[in-house]
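Biologist: Please give a close look at a single part of this model, namely its interior. I should like one connected account, with the cut-off behind each term.

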Amino acid sequence: MPDAGGHAAQYRVEGQVSNAKIEAFFRKDGPWRAELAALRAILADCPVAEDFKWRSPVYTAHGGNIATVWGLKDYAALSFFKGVLLKDPAGILVAPGDNSRSVRLAKFTSVAQIAAAETVLKAYVAEAVENEKAGLKVEFAKDDLAYPDELVDRLDGDPDFRTAFEGLTPGRRRGWVLHFSGAKQSATRAARIDKAAPRILAGKGMHDR
């Protein structure tokens, strides 16, 4: 978290020095700067690597996305990509939206709240890492349109993108999902999502001008 001089301390997570984008994220002025730094300090003690995707830090293990941190309007959050698989004995995890199928997050409005939850959060991260190591998947209802993993990760890691995508009409959402899923390679699916993101954020479907 920030040092006494107000500068962001350098963290190593799994031996990796955080890159410039991550440091800029945590240095950015905002109402939840101290809370985000406190969450980062907890994650630095967990068996995850720190990366930067979709405009936010993302914490990974065993080739999968484990968690991310968000500074939203009303709270700071530690969000778990497959949070619906966590047991949550402390009862602190909630869905970020009515249509959230996999992600669950813990909300905080003070550093004191985060400090009090440190042991619980570390246990949840450890459980999420073990779930990823075991290859556990979130099972969706059969009548759900199958979202490719790359789209699920983008939705769960980028709250602005999620809001825009879920705000599309069902037909527009279906069109985009079919377009993304049509690519055989993961890299191609991810590239299609990146290319489509500005149009989705503008509320447009594939064939809208």
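Modeller: The account below starts with the basis of the values and then moves through the interior. This is a predicted model, in which local features need pLDDT of at least 70 and side-chain atom pairs count only at pLDDT 80 or more, whereas totals for chains, interfaces and linings use all residues. Residues are numbered from 1 along each chain as its sequence is written, and side-chain values use heavy atoms, with hydrogens and water left out.

The protein contains eight helices and seven strands; these are DSSP runs numbered from the N terminus, a helix being H or I with at least four residues and a strand E with at least two. Of its 209 residues, 43% are buried, where buried means under 20% relative accessible area, exposed over 50%, and partly exposed in between, with a 1.4 Å probe and protein chains only. A contact means heavy atoms within 4.5 Å. Among contacts with a separation of 6 or more, 60% join residues 24 or more positions apart.

In soluble globular proteins, nonpolar side chains tend to be buried together. A nonpolar core is taken here as a set of buried Ala, Val, Leu, Ile, Met, Phe, Trp, Tyr and Cys residues joined through side-chain atoms within 4.5 Å. The largest such core has 30 residues, and Val48, Val69, Leu78, Phe80 and Leu121 have the most contacts inside it. At least two residues of this core come from each of H1, H2, strand E4 (56-61), E5, strand E6 (76-80), strand E7 (104-108) and helix H4 (118-133). Leu121 touches Leu39, Ile42, Leu78, Ile92, Ala106 and Phe108, leaving aside residues up to four places away in sequence. Apart from this core lies another, of 13 residues, including Phe165, Trp176, Ala196 and Ile200. Cys46, in the loop between H2 and E3, counts as buried because its relative accessibility is 7%. Its C-alpha atom is 9.7 Å from that of Leu121, although the two residues are 75 apart along the chain.

Helix H1 shows how one element meets this interior. Ile22, Glu23, Phe25 and Phe26 of H1 are buried. They lie on the same side of H1 because they cover an arc of only 155° around the axis, the arc being that of the directions from the helix axis to the C-beta atoms. The face turned away from that side carries the exposed residues Ala20 and Lys21. H2, strand E3 (49-53), E4 and E5 are among the elements that cover the buried residues of H1. Ser56, in strand E4, is buried at 7% relative accessibility. Not counting residues up to four places away in sequence, Ser56 touches Phe25, Asp51, Thr68, Val69, Trp70 and Gly157.

Helix H6 has its own buried set, consisting of Pro159, Phe161, Arg162, Ala164 and Phe165. The cover over these residues includes E5, helix H5 (149-157), helix H7 (170-181) and helix H8 (186-201).

The remaining topic is empty space. On a 1 Å grid over the protein atoms alone, a cavity is a set of points where a 1.4 Å probe fits but cannot get out, a pocket is an open set with protein on both sides within 12 Å along at least five of seven lines, and lining residues have an atom within 4 Å of a point. Grid points are joined across faces, edges and corners, and a volume is the space filled by probe spheres set on the points.

The second largest pocket holds about 360 Å³. It is lined by 20 residues, and Phe25, Lys28, Leu36, Trp70 and Gly71 are the closest to its centre. Helix H1 (20-27), helix H2 (33-43), strand E5 (64-71) and helix H6 (159-166) each give at least two residues to that lining. The lining divides into 11 nonpolar, three polar and six charged residues; Ala, Val, Leu, Ile, Met, Phe, Trp, Tyr, Cys and Pro count as nonpolar, Asp, Glu, Lys and Arg as charged, and the others, Gly among them, as polar.

There are two cavities of 30 Å³ or more, and about 60 Å³ lies in the largest cavity. Phe80, Leu85, Asn131 and Glu132 are among the residues that line the largest cavity. E5 and H4 are the elements that supply two or more lining residues there, and H4 gives the largest share, three residues. The lining of the largest cavity comprises six nonpolar, three polar and two charged residues.
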